[in-house]
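Please open the model in your viewer and keep the sequence panel beside it. The stops below follow one another as a series of selections.

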Amino acid sequence: MKKMELMAPCHFGMESVLKKEITDLGYDVTEVSDGRVTFEGDEEALCRANIGLRTAERVLLKVGSFHAETFEELFQGTRSLPWEDYIPAEGRFWVTKAASVKSKLFSPSDIQSIMKKAMVERLKEVYGISWFSETGADYPVRVFLYKDQVSVALDTTGESLHKRGYRKFAAKAPIAENLAAGLIELTPWRSDRILVDPFCGSGTFPIEAALMAANMAPGMNRHFLAESWPNLIAKRYWKDAFEEAKEEANLKVDTDIQGYDIDPKMVEIARANAKAAGVDGLIHFQVRPVSQLSHSKKYGFIITNPPYGERLEEKEALPALYRELWERYQRLDRLEPVLYYLPGRGGKDHGAEGGQKPQDL
């Protein structure tokens, strides 16, 4: 199988969790940087990483890297990369995202335009054609410049990995699925212990916990862009990776995962999302205000994304709500809290994906 250098962007602060995930899959991590983990693999690794990684944003296939301080150097460096090894003559290709940090070249639109021209020039020469129909599969390119070092990669994932496919409906500013999974992984919680989310909203924390408990790969019920790249990834690798994920799932596991919300409509949505994820039998959802937070057992965890900013219509109610949560927590017997709060600029939240964005290629 072909050796590949793969990169997985993630939310800042989740690098150690993602590194462990990749190591647990059996692959060697070669570099950990802010918001990104790089590892070695092959076609099988690319498929298994897309299907199995819980905290990554996407999986990128590195094409190459070079130094560039001028647009001419950017053009020549891009032109020197072996694009014909990745993109067929009929492939549709473009630079979908360019990011620059501490580099002399910083205009995303200019970087994207120049790199596209360089790719066209290279492929025109190799394929002996002057015009590309681009009627085939999509091959989006992502580029990141850091201190004038250019890293170029193909996006194998397509729609971000945080979109597992189960969240058909959502609350205001819901936490991203991969960030929720990462926050759970940062705690000592395990499937045989209690987990309670008293502000469950659309159910992301309980559902991600249930997926972990059942050893269900987060991407086992969705598709990925590189599935349409038979020139790079044989269909059998995808088939094997999906079958492996299904065989390893165990829905017979015993759990005590509970999600509460004061809004009956949100509880209904959470139940629908859990059913779409295939874990509705592992979670108990209930309409319950935080003032009634309780549990008959000992030694569990409160993991929640409480209302704030746009998630709370009446901001004046926020102090009382948090005070009530603390008072209820004090009455519990050894339930450890993990409160998640990410205010944005001007009191606004960070939008539908929640939290800081990864330093994504």
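**First stop: D42 and its surroundings**

Select D42, which sits in the loop between strand 3 (36–41) and helix 2 (43–52); helices (H or I, at least four residues) and strands (E, at least two) are DSSP runs, numbered from the N terminus. This is a predicted model, in which local features need pLDDT of at least 70 and side-chain atom pairs count only at pLDDT 80 or more, while totals for chains, interfaces and linings use all residues. Residues are numbered from 1 along each chain as its sequence is written, and side-chain values use heavy atoms, with hydrogens and water left out.

D42 counts as buried because its relative accessibility is 14%, where buried means under 20% relative accessible area, exposed over 50% and partly exposed in between (1.4 Å probe, protein chains only). Show M1, K2 and M4 as well, since D42 touches these three when residues up to four places away in sequence are not counted; contact means heavy atoms within 4.5 Å. The C-alpha atoms of D42 and K3 are 4.8 Å apart in space, although the two residues are 39 apart in sequence. On the other side of the selection, a polar atom of the D42 side chain lies 2.9 Å from the backbone nitrogen of A45.

**Second stop: T38**

Step back to T38, which lies in strand 3 and is buried, with a relative accessible area of 3%. Apart from neighbours within four places in sequence, the contacts of T38 are E5, L6, M7, V29, T30 and E31.

**Third stop: helix 5**

Now select helix 5 (residues 177–185), which is mostly covered, eight of its nine residues being buried. The buried residues are E177, N178, L179, A180, A181, G182, L183 and I184. If you display what surrounds them, you will find that they pack against helix 1 (15–25), helix 6 and strand 11 (300–304).

**Fourth stop: the largest pocket**

Which residues lie nearest the centre of the largest pocket? Select E21, G52, R54, E185 and N215, which hold that place among the 25 residues of the lining. On a 1 Å grid over the protein atoms alone, a pocket is an open set of points with protein on both sides within 12 Å along at least five of seven lines, a cavity is a set of points where a 1.4 Å probe fits but cannot get out, and lining residues have an atom within 4 Å of a point. The volume of this largest pocket is about 660 Å³, a volume being the space filled by probe spheres set on the points, with grid points joined across faces, edges and corners.

Helix 1, helix 2, helix 5, helix 6 and helix 7 each supply at least two residues of this lining, and the largest share, five residues, comes from helix 1. Coloured by class, the lining of the largest pocket shows 13 nonpolar, three polar and nine charged residues; Ala, Val, Leu, Ile, Met, Phe, Trp, Tyr, Cys and Pro count as nonpolar, Asp, Glu, Lys and Arg as charged, and the others, Gly among them, as polar.

Stay with N215, which is found in the loop between helix 6 (204–213) and helix 7 (235–248). N215 has a positive phi of about 55° although it is not a glycine, and at 40% relative accessibility it counts as partly exposed.

**Fifth stop: the second largest cavity**

There are two cavities of 30 Å³ or more, and the second largest has a volume of about 30 Å³. To outline this second largest cavity, select N50, I51, L53, L161, R164, P218, G219 and R222, which line it; by class they comprise four nonpolar, two polar and two charged residues.

**Sixth stop: an aromatic cluster**

Seven aromatic pairs are counted, where rings of Phe, Tyr and Trp (its six-membered ring) pair if their centres lie within 6.5 Å, and planes under 30 degrees apart count as stacked, over 60 as edge-to-face and the rest as tilted. Select F224 and W238, whose ring centres are 5.7 Å apart and whose planes stand at 10°, so the pair is stacked. F224 lies in the loop between helix 6 and helix 7 and W238 in helix 7, so the pair ties together parts that are 14 residues apart in sequence. Both F224 and W238 are buried, and, with F242 added to the selection, F224, W238 and F242 form one aromatic cluster.

How values were computed: Polar contact = N/O pair within 3.5 Å; in protein donor to acceptor, adjacent residues only side chain to side chain.
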